[in-house]
Amino acid sequence: MATYFFFFFIFLIISTRTLAYDDSCSFNSKKGNSDLSVIHIYGKCSPFNSPKPSSSWINTVINMASKDPQRLSYLSSLVASKKPTNVPIASGQQLFNIGNYVVRVKMGTPGQQLYMVLDTSNDAAFVPCSGCVGCSSNTLFAPSSSTTYGSVDCSVPECTQVRGSLSCPTTGSVVRSSTACFFNQSYGGDSSFYATLSRDSLGLANDIVPNYAFGCISSVSGTSIPPQGLLGLGRGSMSLMLQSGSLYSGVFSYCLPSFKSYYFSGSLKLGLVGQPKNIKTTPLLKNPRRLSLYYVNLTSVSVGRVPVPIGPEHLAFDPNTGAGTVIDSGTVITRFVQPAYDAIRDEFRKQVNGTFSSLGAFDTCFVSQNEAVIPTITLHFEGMDLKLPMENTLIHSSATPLACLAIASAPNNVNSVLNVIANLQQQNLRIMFDTANSRVGIAREVCN
């Protein structure tokens with residue numbers, strides 16, 4: 001099959017606002033390049049409406065990270081089970097990861113434009129459809145306007161692969177196969193949706209993925225469901241990588257722009273073409289109980305030149321308990337289980353040797369006057385080391401010289417065994433996922 005080059009836009013969501021477009025918002029893709037443009041939601045090119053950001057970026061990030069506890073709870077709940085989690089149909093649950101980046105796609109024939117949150121820890125896609133009750137966006141997908149739309153009935157294998165509670169009627173013990181596949185799904189701690197499993201053409205720039213299975217949402221409860229839907233890039237059977245077959249060869253990568261950048265444009269690349277040639281990789285680990293998640297083998301952490309004394313049990317991968325380390329695009333700040341975080345924080349404080357205070361989720365804030373003396377934090381993976389750039393290590397207050405260590409412990413109210421490498425620590429890095437060969441690579445790349 002011929003390789004298709006394609007270009008589509010990704011936008012960073014932190015909040016929403018409508019801003020006037022100007023010539024700088026014209027995204028010109030280079031011929032033969034499969035990059036996807038990324039901008040900050042506060043930028044002039046943002047398609048959404050939102051209040052102005054706080055004058056202090058540290059407060060903005062704290063506000064964004066306020067839903068990280070629900071995100072951690074959600075990641076911990078992704079356990080495959082023969083019996084789906086039952087959720088009230090009125091709620092229509094699908095706990096949508098607290099998404100910070102969205103991709104511009106077209107659904108249906110002719111294509112209807114939607115901005116869908118990009119989520120590496122979710123498999124399925126879902127969009128709000130015409131007549132949706134409780135949906136927050138005025139932009140809804142209209143199935144009746146698409147010549148290629150069709151609902152999926154209960155006899156189709158995908159119906160049993162959908163996470164959540166199914167509503168397939170039975171006659172005796174036999175499922176009535178001619179009935180549409182309805183399901184409920186929870187997403188996060190406070191939201192849910194009810195949807196019909198459907199198929200339609202998914203347009204990614206110049207590419208078309210035919211018969212793409214997704215949930216057509218008819219009702220929503222809660223505030224975490226993304227306004228215009230979610231596109232799952234996880235590892236399960238309903239993900240874009242598997243549904244697209246040989247088109248992308250199971251390979252994608254992204255580079256996320258800084259939260260503070262108004263004009264920053266990151267990129268998402270799908271398929272083998274255009275991926276980094278020389279990039280160090282580490283194996284992806286597969287957890288049969290948490291099929292969607294991208295587990296990696298984090299072996300140790302260093303602060304400066306000092307190896308942090310973390311008990312191996314706090315980093316070890318354990319498919320039985322779900323423990324280990326995952327790379328996730330929806331969590332805002334990197335979180336470690338408490339013993340691991342305490343050890344990292346204590347060594348960092350020891351080397352900085354200052355007076356520390358707390359601010360929101362951050363408990364290691366200090367007056368920063370010379371970043372040259374701030375120690376580098378290095379994450380050591382199997383076969384690969386990641387030295388966090390200073391911009392991914394500290395977060396600054398724009399109003400004061402205060403800076404905070406931009407990682408935190410797993411929230412006390414979340415019984416999480418996961419360490420999560422979050423999107424703030426992924427910014428201005430090329431993160432490449434090769435699902436076919438179970439590898440992930442990371443390299444430095446400026447995304448403006």
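**Exercise 1. The rings around Y194**

Y194 is buried, with a relative accessible area of 15% (buried means under 20% relative accessible area, exposed over 50%, partly exposed in between, with a 1.4 Å probe and protein chains only). This is a predicted model: local features need pLDDT of at least 70 and side-chain atom pairs count only at pLDDT 80 or more, while totals for chains, interfaces and linings use all residues. Residues are numbered from 1 along each chain as its sequence is written, and side-chain values use heavy atoms, with hydrogens and water left out.

Task: Classify the ring pair of F182 and Y194 as stacked or edge-to-face.

Solution.
1. The whole structure contains 12 aromatic pairs (rings of Phe, Tyr and Trp, the last by its six-membered ring, pair if their centres lie within 6.5 Å; planes under 30 degrees apart are stacked, over 60 edge-to-face, the rest tilted).
2. For F182 and Y194 the ring centres are 5.9 Å apart and the planes meet at 10 degrees, so the pair is stacked.
3. F182 belongs to strand β10 (residues 182-187) and Y194 to strand β11, so parts 12 residues apart in sequence are tied together (helices, H or I with at least four residues, and strands, E with at least two, are DSSP runs numbered from the N terminus).
4. F182 is partly exposed, at 25% relative accessible area.

**Exercise 2. A second aromatic pair**

Task: State how the rings of F252 and Y294 are arranged, and which cluster holds them.

Solution.
1. F252 and Y294 make an edge-to-face pair, with 6.3 Å from centre to centre and 65 degrees between the planes.
2. This pair links distant parts of the chain, 42 residues apart: F252 is in strand β14 (residues 251-255) and Y294 in strand β17 (residues 294-296).
3. F252 and Y294 are both buried.
4. One aromatic cluster is formed by F252, Y254, Y294 and F433.

**Exercise 3. Salt bridges**

Task: Find how many salt bridges the structure holds, and place R199, E391 and R430 with their partners.

Solution.
1. Side chains of opposite charge can pair when their charged atoms come close.
2. Six salt bridges are present (a side-chain nitrogen of Lys or Arg within 4 Å of a carboxyl oxygen of Asp or Glu).
3. R199 pairs with E158, with 2.7 Å between the closest N and O atoms. R199 lies in strand β11 (residues 191-204) and E158 in helix α3 (residues 157-161), distant parts of the chain 41 residues apart. E158 is buried at 19%, whereas R199 is partly exposed at 22%.
4. E391 pairs with R444, the closest N and O atoms being 3.2 Å apart. The link runs from helix α6 (residues 390-393), which holds E391, to strand β31 (residues 439-444), which holds R444, 53 residues apart. Relative accessibility is 42% for E391, which is partly exposed; R444 is partly exposed as well, at 46%.
5. R430 meets E445 in a salt bridge of 2.8 Å, N to O. R430 is in strand β30 (residues 429-434) and E445 in the segment after β31, so parts 15 residues apart in sequence are tied together. R430 is buried, at 1%, and E445 is partly exposed, at 27%.
6. Shared partners join D342, R345, D346 and D363 into one salt-bridge network.

**Exercise 4. A four-stranded sheet**

Task: Which strands stand at the edges of the sheet that contains β18 and β24?

Solution.
1. The open sheet has four strands in the order β19-β18-β24-β25, with antiparallel pairing (two strands pair if DSSP finds at least two bridges between them).
2. The edges are β19 (306-307) and β25 (384-387); each has a single partner strand, so one side of each lacks a neighbour in the sheet.
3. Strand β24 (residues 377-381) is joined to β25 by four bridges, and H380 stands opposite D385 in β25.

**Exercise 5. Backbone exceptions**

Task: Locate the cis peptide bond at P110 and the positive phi values of N211 and S438.

Solution.
1. Most residues other than glycine have a negative phi, and most peptide bonds are trans.
2. T109 and P110 are joined by a cis peptide bond, with omega about -5 degrees. P110 is in the loop between β3 (101-107) and β4 (112-119).
3. N211, not a glycine, has a positive phi of about 55 degrees and is found in strand β12 (residues 207-221).
4. S438 has a positive phi near 55 degrees and lies in the loop between β30 and β31.
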